[in-house]
Amino acid sequence: MPRWVGIVTVAAALMTGLIGCSSNTSDNGQEATENSNSTPPADSFKETIETKFGQVKLTEQPKRVVALGWGDAETALSLGVQPVGASDWLAFGGNGVGPWLKDAYKTSPTILGTTELDYEQIAALHPDLILDVKSSGDETRYKRLSEIATTVGVPADGDNYLTSTNEQVEMIAKALGKEKEGEALLKQVDDAFAKAAKDHPEFTDKTIVVGAYSSEGFGAYVKGDARIDFMTRLGFKTKDAVEKLADGNFYVKVSDEQLDLLDADVTVVMPIWVDAKEITNNKLFQKIPSVAASRSIVLDEDTANAFSTGTVPSLLWTIEHLPLQIKALVQPGA
């Protein structure tokens, strides 16, 4: 796995979430597909998908799917389709998915690369559809994959792994002929967020900063990233001073001299391949007002991993667990 380097780079995308959650939502992500039989007959299959690289037209039901984008394999699995090849972006090992989908595969996929692909290995799987929906948006990568099989790349606004959960589900569902199932999955997520926001009115209009710490130092996520989208759907609002630094990226580096940027009504920080004590024992971190006032949390590995993945199963798990962890940090009237 390449090293995480902070500002929007491919390596940053690898590091921005480290999964490790309970499998108690493995049914949630597939619930909508188990009771649906909306897949059209192969001879009537016809879909057109809009992407950054133009329209992708499919005229046959995909049978051998390779999922390369971050979370694309989990999305396909949630829709009831098992990829024959998949990328393990977060180094899970095994079948390359989070524990919430531990038993989702009946036949293990071939695990492929992430940022550096072996195109011959992909071609050897004889795919009829390649999913690279949440990816870098690199045109050279897209063209090489398209030479192997029909490839669904990032949406128009999806460069640098900024494909949203909704876009990822909608595009993959359409490519697989599973649009009704995709709609049902997104409704599960919408309903879960609505319930969580209703259950926690104390979150409304409180400012939040979601940061991370790695061997490269501190940083913070901005609008367009799944973690920030998650928090705003719960009712939180972002910090303008952090958003101004975005410049089209989903993550901004925060120097030691700027650590007050992490101050907010609630500060959430994730350790990225470092021990959490490297954060909590950091003297400069301890001086951040929200940290000094006990309005901060350093996420445990399981929560950080689930929080960062952004697929339907991981979102449902996170909605169930994370609000309870940050509820105690919200001070009435703050």
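Of the contacts in this protein with a separation of 6 or more, 71% link residues 24 or more positions apart; a contact means heavy atoms within 4.5 Å. What you're looking at is a predicted model, so local features need pLDDT of at least 70 and side-chain atom pairs count only at pLDDT 80 or more, while totals for chains, interfaces and linings use all residues. Residues are numbered from 1 along each chain as its sequence is written, and side-chain values use heavy atoms, with hydrogens and water left out.

**The overall picture**

- The protein has 14 helices and twelve strands; these are DSSP runs numbered from the N terminus, with helices being H or I of at least four residues and strands being E of at least two.
- Out of 334 residues, 57% are buried, and buried means under 20% relative accessible area, with exposed over 50% and partly exposed in between (1.4 Å probe, protein chains only).
- About 14,300 Å² of the protein is exposed, and carbon and sulfur atoms supply 46% of that; accessible areas come from the Shrake-Rupley method with a 1.4 Å probe, and for residues only the protein chains shown count as cover.

**Strands and sheets**

- Strands of a sheet pair through backbone hydrogen bonds, either parallel or antiparallel.
- Here, two strands count as paired if DSSP finds at least two bridges between them.
- One open sheet has five strands in the order 5-4-3-6-7, with parallel pairing.
- Strand 5 (110-112) and strand 7 (151-152) are at the edges with a single partner strand each, so one side of each has no neighbour in the sheet.
- Within that order, strand 3 (residues 65-67) and strand 6 (residues 129-131) pair in the parallel sense over three bridges, and Val66 sits opposite Ile130 in strand 6.
- Strand 1 and strand 2 make a hairpin with two residues between them; they run antiparallel and are joined by five bridges, with Glu47 opposite Leu58 in strand 2.
- Strand 1 (residues 47-51) has two faces: Glu47, Ile49 and Thr51 are on the covered one, while Thr48 and Glu50 are on the uncovered one.

**Helix 6**

- Eight of the eleven residues in helix 6 are buried, so the rest of the structure largely encloses this helix.
- Among those buried residues are Thr165, Val169 and Ile172.
- After helix 6 comes Gly177, which has a positive phi, near 70°.

**The largest pocket**

- A pocket is found on a 1 Å grid over the protein atoms alone, as an open set of points with protein on both sides within 12 Å along at least five of seven lines; a cavity is a set where a 1.4 Å probe fits but cannot get out, and lining residues have an atom within 4 Å of a point.
- The largest pocket holds about 250 Å³ of space; grid points are joined across faces, edges and corners, and a volume is the space filled by probe spheres set on the points.
- Its lining has 22 residues, and Ser164, Thr165, Asp225, Ala226 and Asp229 lie nearest the centre.
- Helix 8 gives the largest share of this pocket's lining, with five residues.

**Cavities**

- There are three cavities of 30 Å³ or more in the structure, and the largest has a volume of about 90 Å³.
- This largest cavity is lined by 14 residues, with Gly71, Glu74, Ser87, Phe92 and Gly96 closest to its centre.
- Helix 3 (residues 72-78) supplies the largest share of the largest cavity's lining, three residues.
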